[in-house]
Amino acid sequence: MNALLSVSTLTRRFGGLVAVSDVTLDLHRGEVHAVIGTNGAGKSTLINMLSGEIAASAGQIKLDGRDITRRSQAMRARSGVGRSYQRTTIFPEFTVHENCRLAAQAATPRPWAIWQNAGACSASNAAAGEALAAAGLADVAHRVAGTLSHGAKRQLEVAMCLATKPRVLLLDEPLAGMGAEETDRMLALLEKLKAEHAILLVEHDMDAVFRIADRITVMVNGAVIASGDPASIRENAQVRTAYLGEDH
Ligand SMILES: Nc1ncnc2c1ncn2[C@@H]1O[C@H](COP(=O)(O)OP(=O)(O)OP(=O)(O)O)[C@@H](O)[C@H]1O
């Protein structure tokens, strides 16, 4: 099966520090690929390079076989690379629907339509409606976003990402701060979304990672020390020593 997003020997240096070192991995539609590692392992830097927020120092990123390593973040978003952030990026005083509509509009700006009422853009409204339905938030579409529970806000982040119609979802700690029920809801959402998307999941909640991931890549100090299915990662002696701890 051809990879949708293919990363080879990707490296990022910050001065003398190699934050991401020679990372190679593939993302396939229908799979959740989790990237785990201790604090400072380079996971966010990896996501930032894939989304185009920061440039790679070396290596290559291909989307559907096309080299996108030098493409801007906006171009990558338009080609189908969507991401969510560790910290919430919603506008709390806007409604849930408005947040999604703004995300859709930001992804496909129509500068020639400045005289139109932004809220009347039918394509963005439709994209927002579809994204909210997919994320299970249709019932709260008209709620003010700031009044949602923490878990629903994180779901809204995913919906805002979906409103940009991505093929690849880069999710940076979507389960952070969630209780058990909220985690279950988010995992069910990811399970549903993976049918149509390739998902890269950076997450510290190991129980959730082992429940949802089809493939796990383990990073230590910027480098990949292991990559494989959850069973092989659980058994991997180097991973157990470096990261999971013998008791996991
Ligand atoms: N803009 C930057 N300038 C200099 N160093 C940076 C920069 N961004 C990240 N780093 C360093 O790169 C290394 C990797 O950081 P990164 O945030 O990617 O790790 P992480 O695995 O996402 O950690 P966490 O799990 O805590 O979010 C760290 O040592 C960090 O201090």
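**Helices, domains and a ligand shell**

In this predicted model, helix α3 goes past helix α5 in a right-handed crossing. Two packed helices can be summed up by the angle between their axes and by how far apart those axes are. Here, α3 (residues 96-107) and α5 (residues 150-162) pack at an angle of about 35 degrees, and 8 Å separate their axes. On the α3 side, the contact comes from V96, N99, C100 and A103, while α5 brings in L156, A159 and M160. Sorted by class, this contact has 6 nonpolar residues and 1 polar one, with no charged residues.

Next, the overall layout. The domain assignment splits the protein into domain 1, made of 1-80 + 169-185 + 197-248, and domain 2, which is 88-165. Taken over C-alpha atoms, the centres of domain 1 and domain 2 are 26 Å apart. Where the domains meet, 8 residues of domain 1 are in contact with 7 residues of domain 2. On the domain 1 side of that meeting, α2 (73-79) and α6 (180-193) supply at least two residues each. That side of domain 1 is a mix by class: 4 nonpolar, 1 polar and 3 charged residues.

Then there is the sheet. Strands of a sheet pair through backbone hydrogen bonds, and the pairing can be parallel or antiparallel. In this open sheet of 4 strands, the pairing is antiparallel and the order reads β2-β1-β4-β5. β2 and β5 (66-67) sit at the edges, each pairing on one side only. β5 is joined to β4 (residues 58-63) over 2 bridges, in the antiparallel sense. For K62, the bridge partner in β5 is D67. A helix comes into the picture here too: α1 lies across β1 (5-14), β2 and β4, and runs at about 60 degrees to β2.

That leaves the ligand. Which residues surround it? The shell is made up of F14, L17 and A19, then G37, N39, G40, A41 and G42, and finally K43, S44 and T45. Two elements, β2 (17-27) and α1 (43-51), are the ones giving two or more residues to this shell. The biggest giver is α1, with 3 residues. As for the kinds of residue around the ligand, the count by class is 4 nonpolar, 6 polar and 1 charged. So the two elements named for the ligand shell, β2 and α1, turn up in the sheet region as well, where α1 lies across β2.

Note on methods. Residues are numbered from 1 along each chain as its sequence is written. This is a predicted model: local features need pLDDT of at least 70, side-chain atom pairs count only at pLDDT 80 or more; totals for chains, interfaces and linings use all residues. A residue is near a molecule or strand if its C-beta atom, placed from the backbone, lies within 6 Å of it. Ala, Val, Leu, Ile, Met, Phe, Trp, Tyr, Cys and Pro count as nonpolar, Asp, Glu, Lys and Arg as charged, and the others, Gly among them, as polar. Two strands pair if DSSP finds at least two bridges between them. Two residues are in contact if their C-beta atoms, placed from the backbone, lie within 7 Å. Axes are lines fitted to C-alpha atoms, for helices over the stretch in contact, and angles run from 0 to 180 degrees between N-to-C directions. Domain bounds come from an automatic or database domain assignment. A crossing is left-handed if the near helix is turned anticlockwise from the far one by less than a right angle, and right-handed if clockwise.
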